[in-house]
Amino acid sequence: MKKFKITIQGMHCASCAGNVERSLKKVQGVKNVSVSLMTNKSIVEVEDNVSEEALKQAVSRTGYKAVEIQTG
Amino acid sequence: MEHKHINKKHYEESFEEQEMRLWKRRLWGAWVFAAPIAILMILERFFEIMPFGELTSLVILMIGFPVIFFFGWGTIKSGIRGFISFYFSMDSLIALGTIIAYATGILAFFIDVQDYSGVSAMIMAIFIAGKYIETKARGKASQEIKKLLELGAKKARVLRGKEEVEIPINEVKIDDIIVIRPGEKIPTDGIITKGQSAVDESMITGESMPVEKKIKDTVIGATINQDGILYVKATKIGSDTFLAHIITLVEEAQGTKVPIQKVADKVTNIFVPAILVLTILTFIGWAVFSGDWSKALGASISVLVIACPCALGLAVPIALTVGSGMGAKRGILIRKGEAIQTMKEVKTVAFDKTGTITKGKPEVTNFISKVKEDYFWEVAGSLEHLSEHPIAKAIVAKAPLKNYKKFTSFSVVRGRGLEGKLGNKKIVIGNRTLMNEKNISFRTIEQQIKSWEEEGKTTMIVAENSKVIGAVAVADAVKDDSIKAIGALKRRGYKTVMITGDNETTAKAIAKQVGIDEVIANVLPEEKAKKVEELQNRGMVAFVGDGINDAPALKQSNVSIAMGSGSDIAIEVGDIVLVKGSLIGVVQAINLSKATFKKIKQNLFWAFGYNIIAIPLAVAGVLNPIVAELAMALSSISVVTNANLLRRKKI
């Protein structure tokens, strides 16, 4: 299990956060997602084989931008 | 922790600020054009004046264009993208609403339909204004967390050989010696190797009184050194520091859900598609039953722009953010949003004793001296100074001496006390048993000793040449605020229970002193969780413990409150973590939880209420689309503002 903290730019309404959450959940190997509109951050728990790139794509698929990804 | 900057420049500038600037520019731009449209519309509607005569609609179409397709372009683009990717957002509704409305302005040249193009520009302008105000208020809601993020020092002055060199904070290594002058920020967590000072830790613990620090004491990064030069050896750096932990914790907590939020989230997730369907139905309904296309369009646009998923989606998180921020400022870290909701069901507050109600280390609480007080402490302190026993340390701490008297002989009588020779005087310090064994009579102070023992204190009798010269009572003293805090809890109707491994006498004495209702004594550490379970038969239980020995009991309880002291806090356990080791924090945490939950309920009530009333009105076609948009903007602003009002609450 790995944990990523993604900073997301462009979310400005509650549906946005819901969209990002839905999109991230669809990524294979993603266990747990929480997206906070308040902090503009998402905390994602994933299996070890999930790449940062896949998560980044999931975010941009919904029309927002992953500005920073931290592991921790 | 590995950092990977995908877009470093943006991040350093804080994209939130950038976004604010963007919205501000859009706001001004949109209104420069929208204001004349508003004037034209008012003139036409109420005064039947059309300055441009027949050309008015064309003028409005032209002025309106930049409002929607330039200043509103971000919204339009993201809205259209929603239709392509099927990730609908608020923008999809606004984009559709404004584009349809604008299109009527063009259509009106060819067919007989009401011209909504002015309305379209007004909708976009109001939407932008609403977003601007909302974004600003959202920024305010997380101001405490932002302050935490900015709290860390940027630079540190470290010793390199004999020289002091100023280096950026991320170049500081563990074991570096950092020099901190009075008034400076302590750059990172460490241990004092030289110097002493008062340190202001209020930004971390919420404790307003400065804390005295000396050699071997630990200091926390981001606190302020007040009056002496400190030499500190760095023990933790970067993401391992106390401040970094607090920030992570607060940020993670804001992503957690409050159970009451579930319904709102479900509604939010299907909200936009549902509104789109409803819009189509509204249009068809009006078109079929009234045959009035203009009316059908007006009602449909109203439905599109009145629906407000933001108020719903923000209701809970924004209140949680404000609440947890207020907590963080006071040293109360809410780790799980759930605790806020559970807290209101709690009936019993159970406490661990040692380290929670009491300070966790013995100290001298009383003494009597039959000789001069200075001399008494000189003798007692000098002998106890030779021992490492906690009780000895307590006695030494009571009267620290510059120069300790030299004892020529010294021995420990296990479990009983100490004896030693000071010049030609034979000094014995110990309990009753030791005095009896040495045939030293302490009848003169028997009464006093007995009363101390009844209070659960340990008594050490001091004798010089077989004559009693005084006695000292040592106990694990109650923390300064414990009595006040437990009193406050009882006044709020909570049953207070103490669970401890201590014997009945000591436990009861402490309980009596602080006013605890019920005592469960002689509990082995591994049994504490079971005792909590038993208490749960009477209702929900909040357990307050130090988080190190009490982890199972904390886990068993409905709301777990872990106490920290200084930089050692067990951050992994506890729904709520108190940075400062004061029980007043428990009262504050309860107050804060209740106040926050109340706000959450208010917000949800308002957000649901708004949509339930407003949407049918829009469907019924009784609302002008501009009024609809105005109502929408106000509803999300009101939710955000209401959450910010939580700050006024005294915790």
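**Cavities and cysteines in a predicted model**

Mentor: In this predicted model, the lining of the second largest cavity divides into two nonpolar, five polar and one charged residue.

Trainee: What makes one residue of that lining count as charged?

Mentor: The lining residues are Thr62(A), Tyr64(A), Ser78(B), Arg81(B), Gly82(B), Ser85(B), Tyr87(B) and Ser89(B). Arg belongs to the charged class, so Arg81(B) is the charged residue here, whereas Tyr counts as nonpolar, and therefore Tyr64(A) and Tyr87(B) make up the nonpolar pair. The space in this cavity is about 50 Å³.

Trainee: What is the volume of the largest cavity, and which elements give two or more residues to its lining?

Mentor: Its volume is about 60 Å³, and the elements in question are helix H6 (117-141) and helix H24 (625-644) of chain B. By class, its lining has five nonpolar, two polar and three charged residues. Among the lining residues are Lys131(B), Glu134(B) and Glu629(B), and because Lys and Glu count as charged, these are the charged ones.

Trainee: Cys310(B) also lines the largest cavity, so why is Cys310(B) called buried?

Mentor: The relative accessible area of Cys310(B) is 1%, and since buried means under 20%, the word applies to Cys310(B). Cys16(A) has a value of 0% and is therefore buried by that cut-off too.

Trainee: How many disulfides does a search of the whole structure find?

Mentor: The search finds zero over all chains, which means that no pair of cysteine sulfur atoms lies within 2.5 Å.

Notes
Residues are numbered from 1 along each chain as its sequence is written. Chains are lettered from A and ligands numbered from 1 in the order in which they are written. This is a predicted model: local features need pLDDT of at least 70, side-chain atom pairs count only at pLDDT 80 or more; totals for chains, interfaces and linings use all residues. Side-chain values use heavy atoms; hydrogens and water are left out. On a 1 Å grid over the protein atoms alone, a cavity is a set of points where a 1.4 Å probe fits but cannot get out, and a pocket is an open set with protein on both sides within 12 Å along at least five of seven lines; lining residues have an atom within 4 Å of a point. Grid points are joined across faces, edges and corners, and a volume is the space filled by probe spheres set on the points. Helices (H or I, at least four residues) and strands (E, at least two) are DSSP runs, numbered from the N terminus. Buried means under 20% relative accessible area, exposed over 50%, partly exposed in between (1.4 Å probe, protein chains only).
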